[in-house]
Amino acid sequence: MARFDTSFDATSVEPTTPYELLPAGKYRAQIVESEMRVTRNGMGQFLWLMLDILDGQHKGRKIFDQLNLVNPNPTTVEIAQRTLSAICHATGRMHVSDSEELHLIPMTIQVKIKPPKNGYGESNAIAYLPPEGGGATTTAATPAAPPTTQAAAAPPKMASAPWNKKG
């Protein structure tokens, strides 16, 4: 039993609403929060991202992603590094040492609906699109990312993890 210091009046507080998936489609979005978190099993770390939808019917909605950048499975790490590279390309920031450098930069994302799996319900999956791939969702007010002459490079090694600040 937990006794409150005062009586709680539920009529004075808006109740939470059930989480609804963002419908599949292309959206303009930006990363507004990020942090490294430890995986449930304690064997790795993932970069947790909160994105904010910038325009359209779902303006202001939040969508979340996580990139398993530290994991005993090298395939899992490679997938996360490729996703981080896609985010960098989508934002025009090719060299980052802190995830905060990717915050508040408008980009185009493709949202899909993943079917239920392992006892969990449907969920959103995010793909980060390069500026040229934004198509109809790109707005004139959004500056284009600077062109890059860098060829596609191999994923960075774990020793140069993107969230570690250099000194």
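**Exercise 1.** Over the ring of which residue does the charged end of Arg-37 sit?

*Solution.* Start from the model, which is a predicted one. Find Arg-37 and follow its side chain to the charged end, which lies over the ring of Trp-48. The distance to the centre of that ring is 4.0 Å.

**Exercise 2.** Find the aromatic pair of the structure and decide how its rings are arranged.

*Solution.* Let's take this in steps.

1. There is one aromatic pair to look for. Its partners are Trp-48 and Phe-64.
2. A pair of aromatic rings is described by the distance of the centres and the angle of the planes. For Trp-48 and Phe-64, the centres are 5.9 Å apart and the planes make an angle of 25°.
3. Planes under 30 degrees apart count as stacked, so the pair of Trp-48 and Phe-64, at 25°, is stacked.
4. Now place the partners: Trp-48 belongs to strand β2 (residues 45-53) and Phe-64 to strand β3 (residues 62-70). With their positions 16 residues apart, the pair links distant parts of the chain.

**Exercise 3.** Is Trp-48 buried or exposed? Classify Phe-64 as well.

*Solution.* Buried means under 20% relative accessible area. Trp-48 has 11%, so Trp-48 is buried. Phe-64, at 36%, is partly exposed.

**Exercise 4.** Set these residues in the context of the whole protein chain.

*Solution.* Walk along the sequence and you will meet the pattern β-β-β-α-β-β, that is, one helix and five strands. Next, look at burial: 30% of the 167 residues count as buried. Finally, turn to the surface, where the chain exposes about 11,400 Å². Carbon and sulfur atoms supply 55% of that area.

How values were computed: Residues are numbered from 1 along each chain as its sequence is written. This is a predicted model: local features need pLDDT of at least 70, side-chain atom pairs count only at pLDDT 80 or more; totals for chains, interfaces and linings use all residues. Side-chain values use heavy atoms; hydrogens and water are left out. Helices (H or I, at least four residues) and strands (E, at least two) are DSSP runs, numbered from the N terminus. Buried means under 20% relative accessible area, exposed over 50%, partly exposed in between (1.4 Å probe, protein chains only). Accessible areas come from the Shrake-Rupley method with a 1.4 Å probe; for residues, only the protein chains shown count as cover. Rings of Phe, Tyr and Trp (its six-membered ring) pair if their centres lie within 6.5 Å; planes under 30 degrees apart count as stacked, over 60 as edge-to-face and the rest as tilted. A charge sits over a ring if NZ of Lys or CZ of Arg is within 6 Å of the ring centre and within 35 degrees of the ring normal.
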